[in-house]
Amino acid sequence: MYLVTVLRNLLSILAVSSDCPLHTPMYFFLSNLCWPDIGFTSAMVPKMIVDTQSHSRVISHAGCLTQMSFLLLVACIEGMLLTVMAYDCFVAICRPLHYPIIVNPHLCVFFVLVSFFLSLLDSQLHSWIVLQLTIIKNVEISNLVCDPSQLLKLACSDSVINNIFIYFDSTMFGFLPISGIFLSYYKIVPSILRISSSDGKYKAFSTCGCHLAVVCWFYGTGIGLYLTSAGSPPPRNGVVASVMYAVVTAC
């Protein structure tokens, strides 16, 4: 599944870049969405495979911080790009005559760059906060990935302020993209229902249907992973959530 995921995303990038009819904002965002998918699976699945084959699940403190930082980076980029794609659907359906003017190439590149730099800032802030903590050595994380909520549990120093910041930051970078997607579809659905022809409704729904399915799967598995890591579940639940989020979401 890992090889299929990487190959599928690389082929999607190649198809969009080589086929002139696909040089549209929607496919531009889709091709950029493939990179975080590849990065997300590559940060988690190879380590899972090595651990399975070697029967050793040890990871160093530096390796754990690196994995956490990279996962936060690509997950945040993916969430922001999904929000940008929701805005693209909104303009295409609700403002079709102004679409070429509003969603121009410069704006598309700007959205991608802003998504990357904000995600990089968020990732580095999390890493900096975790570095300030005194972490207990030789402990077990009941999950397949290193995430801030797990590392905060291992801190033996007072981390109340760091906890507040991390949860506030996670809420902002999670709540705002979801709010943008919800607001876009709040405007999209009535516009689709007002379309008189059945062919027009079908085309509009098909445009947004795949995007909405990816949004639900991405945030659904992400929330499941967060809840299993934030609480104290049986280890199997955390494993299942990690695998679903790492492999199935990117496929």
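A disulfide is a pair of cysteine sulfur atoms within 2.5 Å. By that criterion, the structure holds zero disulfides. Cys89 takes part in no disulfide, and the nearest cysteine sulfur to its own, that of Cys208, is 4.2 Å away. Seen from the other side, the closest cysteine sulfur to that of Cys208 lies in Cys89, and the 4.2 Å between them is too far for a bond. Both residues are shielded from the surroundings: Cys89 is buried at 4% relative accessibility, and Cys208 is buried at 3%.

## The model and its confidence

The structure described here is a predicted model. The mean pLDDT of the protein is 80, and 77% of the residues score at least 70. Confidence varies along the chain. Among the elements, helix 4 (residues 99–102) has the highest mean pLDDT, 91, whereas helix 9 (residues 235–248) has the lowest, 60. Where pLDDT is low, the predicted coordinates should not be read in detail.

## Overall architecture

The protein contains nine helices and zero strands. Read from the N terminus, the order of elements is therefore α-α-α-α-α-α-α-α-α. Of the 251 residues in the protein, 42% are buried. Contacts between distant parts of the sequence are also recorded: among contacts joining residues at least 6 apart in sequence, 76% link residues at least 24 apart.

## The nonpolar cores

Which residues touch the most other members of the largest nonpolar core? They are Leu82, Ile181 and Ile188, in a core of 27 residues. The elements that contribute two or more residues to this core are helix 2, helix 3 (61–94), helix 5 (105–131), helix 7 (160–193) and helix 8 (198–230). Helix 3 gives the most, with twelve residues. Apart from this core lies another, of eight residues, among them Phe40, Ala43, Met44 and Leu71.

The surroundings of Leu82 may be examined individually. Leaving aside residues up to four places away in sequence, Leu82 touches Leu33, Ile181, His211, Val214, Val215, Phe218 and Tyr219. One of these contacts, Ile181, is itself among the three core residues that touch the most other members.

## The salt bridge

Side chains of opposite charge can pair when their charged atoms come close. How many salt bridges does a search of the whole structure find? The search finds one. It joins the side chains of Lys47 and Asp51, with a nitrogen-to-oxygen distance of 3.3 Å. A salt bridge requires these atoms to lie within 4 Å, so the pair qualifies.

The two partners both belong to helix 2 (residues 25–54); because they are four residues apart there, about one helical turn separates them. Their exposure may be stated for each in turn. Lys47 is partly exposed, with a relative accessible area of 26%, while Asp51 is buried, with a relative accessible area of 12%.

## Three further residues

The following table lists three residues from separate helices.

| Residue | Relative accessibility | Class |
|---|---|---|
| Thr41 | 1% | buried |
| Ser115 | 3% | buried |
| Ile102 | 28% | partly exposed |

Thr41 is located in helix 2. Is Thr41 buried or exposed? At 1% relative accessibility, Thr41 is buried, because buried means under 20%. The side chain of Thr41 reaches the backbone oxygen of Ile38 at 3.1 Å. Thr41 can also be placed relative to the start of the chain: the C-alpha atoms of Thr41 and Met1 are separated by 9.9 Å, although the two residues are 40 residues apart along the chain.

Ser115 has its place in helix 5. Which residues does Ser115 touch, not counting residues up to four places away in sequence? The contacts of Ser115 are Ile77, Met80, Leu81 and Val84.

Ile102 lies in helix 4. With 28% relative accessibility, Ile102 counts as partly exposed. Not counting residues up to four places away in sequence, Ile102 touches Tyr87, Val91 and Leu107. Ile102 and Ala92 are ten residues apart in sequence, and their C-alpha atoms are 9.6 Å apart in space.

Terms used
Residues numbered from 1 in each chain as written. Heavy atoms only, no water. Buried < 20%, exposed > 50% of the residue type's maximum accessible area, 1.4 Å probe, protein only. pLDDT = per-residue confidence, 0-100. Core = buried A, V, L, I, M, F, W, Y, C linked by side-chain atoms within 4.5 Å. Contact = heavy atoms within 4.5 Å. Polar contact = N/O pair within 3.5 Å; in protein donor to acceptor, adjacent residues only side chain to side chain.
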